[in-house]
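Open the model in a viewer and keep the sequence panel visible. The stops below say what to select and what is there.

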Amino acid sequence: DHQRDRERAAQAAHAARRALDKAAEARKIARLQEKERAKVERRKREAEDQRRVREAERRRASLESMPSLTRSRPVTRGDDPQLKRRLERVWLLLKLPMATRLAFLQKYASVEHAPRLEQAVGLWERAAEAYPRLAKLRRVEARLATGELFQAQDFVSLLRGILVKGDPAPPDVLADPPVVDA
């Protein structure tokens with residue numbers, strides 16, 4: 001009887017070890033499968049990105065091959081190196097991600113939107129000029145919300161730094177105090 005109990009216990013322990021080994025193996029397989037799925041997804045994203053780039057290049061090439069857009073005619077606004085520099089400067093100032101830049105290029109490479117490219121670049125330039133002021137105002141707003149700005153003089157000095165040429169006239173409270181000659 002004792003011997004049978006020992007054999008059963010040994011068999012149960014062996015079965016438990018096998019079950020644990022199978023569970024560990026299943027977890028290992030699941031991890032490997034997840035890694036493989038992640039690789040496949042990454043490859044799909046990379047392939048999609050490459051497909052988009054090829055599509056954009058194909059569109060650009062087809063536009064360039066059209067008789068009305070050949071290089072034999074004078075430089076157009078879209079070919080203007082200065083326009084390209086302006087656009088790149090705007091992108092850098094606004095720190096636009098590559099996806100946004102590509103979407104912009106794809107939109108304005110179309111026959112429908114290409115005539116409005118220069119106007120769009122001008123609007124983006126205005127946005128790039130206004131963005132630092134907006135960021136500065138948001139920092140002031142945050143300081144006001146936290147109670148950091150509690151003295152009127154601090155607030156006035158900040159406003160003087162925000163106002164720029166072309167803004168409406170500042171209120172009297174922001175005017176520099178008169179200089180008294182002694």
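Helices are DSSP runs of H or I with at least four residues, and they are numbered from the N terminus. With that numbering, His113 falls in the loop between α3 and α4 (117–145). The coordinates are those of a predicted model.

**Whole chain**

Colour by secondary structure. The protein chain has five helices and zero strands, and its elements follow the order α-α-α-α-α from the N terminus. Next, colour by relative accessibility: of the 182 residues in the protein chain, 13% are buried. Switch on the molecular surface. The accessible surface is about 15,200 Å², and carbon and sulfur atoms hold 57% of that area. For a contact map, take the contacts with a separation of 6 or more; residues 24 or more positions apart account for 41% of them.

**Stop 1: His113**

Select His113, in the loop between α3 and α4. Is His113 buried or exposed? With a relative accessible area of 16%, His113 is buried, because the limit for that class is under 20%. Now show the side chain of Arg116: a polar contact of 2.6 Å joins it to the side chain of His113. Add Lys107 and Tyr108, which His113 contacts when neighbours within four places in sequence are left aside.

**Stop 2: Arg101**

Move to helix α3, residues 98–108, and select Arg101. Which side chain of opposite charge is nearest to Arg101? That side chain is Glu88, at 7.9 Å. A salt bridge requires a side-chain nitrogen of Lys or Arg within 4 Å of a carboxyl oxygen of Asp or Glu. Arg101 is buried and has no salt bridge. What does the side chain of Arg101 reach at 3.0 Å? Display the backbone of Leu96: its oxygen is the atom reached at that distance. To see the surroundings, show Trp91, Leu92 and Leu96, which Arg101 touches when residues up to four places away in sequence are not counted.

**Stop 3: the nonpolar patch**

Stay on α3 and select Met98, Leu102 and Leu105, then add Val53; these four make a nonpolar surface patch of about 340 Å². Which element gives the most to the patch? Helix α3 does, with three residues. Leu102 is found in helix α3, while Val53 is in helix α1, residues 2–65. Measure from C-alpha to C-alpha in the viewer: Val53 and Leu102 are 8.4 Å apart in space and 49 residues apart in sequence. The relative accessible area of Val53 is 37%, so Val53 is partly exposed. Leu102, at 39%, also counts as partly exposed. Patch members need over 30% relative accessible area, so both values qualify.

**Stop 4: salt bridges along α1**

Switch the display to charged side chains. How many salt bridges does the count come to? The count comes to nine salt bridges. Several can be picked out on α1.

- Select Arg8 and Asp5. Their side chains meet in a salt bridge at 3.9 Å, N to O. Both residues lie in helix α1, three residues apart, about one turn of the helix. Asp5 is partly exposed, at 43% relative accessibility.
- Select Lys44 and Glu41. The salt bridge between their side chains has an N to O distance of 3.7 Å. Why are Lys44 and Glu41 separated by about one helical turn? They are three residues apart in helix α1, which means a separation of about one helical turn. Glu41 counts as partly exposed, with 39% relative accessibility.
- Select Glu55 and Arg58. The closest N and O atoms of this salt bridge are 2.4 Å apart. Glu55 and Arg58 are also three residues apart in helix α1, about one turn of the helix. Glu55 has a relative accessible area of 21% and is partly exposed; the lower limit of that class is 20%. Arg58, at 48%, counts as partly exposed too, and the upper limit is 50%.

**Stop 5: a network**

Finish by selecting Glu48, Arg51 and Arg52 together. These residues are linked in a network of salt bridges. Leave them displayed to compare with the pairs from the previous stop.

How values were computed
Residues are numbered from 1 along each chain as its sequence is written. This is a predicted model: local features need pLDDT of at least 70, side-chain atom pairs count only at pLDDT 80 or more; totals for chains, interfaces and linings use all residues. Side-chain values use heavy atoms; hydrogens and water are left out. Helices (H or I, at least four residues) and strands (E, at least two) are DSSP runs, numbered from the N terminus. Buried means under 20% relative accessible area, exposed over 50%, partly exposed in between (1.4 Å probe, protein chains only). Lys and Arg count as positive and Asp and Glu as negative; His and the chain ends are not counted. A polar contact is a pair of N or O atoms within 3.5 Å; within protein, one must be able to donate a hydrogen and the other to accept it, and residues adjacent in sequence count only if both atoms are side-chain atoms. Contact means heavy atoms within 4.5 Å. Accessible areas come from the Shrake-Rupley method with a 1.4 Å probe; for residues, only the protein chains shown count as cover. Patches are made of residues with over 30% relative accessible area and no salt bridge: like charges are joined within 9 Å, nonpolar side chains (Val, Leu, Ile, Met, Phe, Trp, Tyr) within 5 Å.
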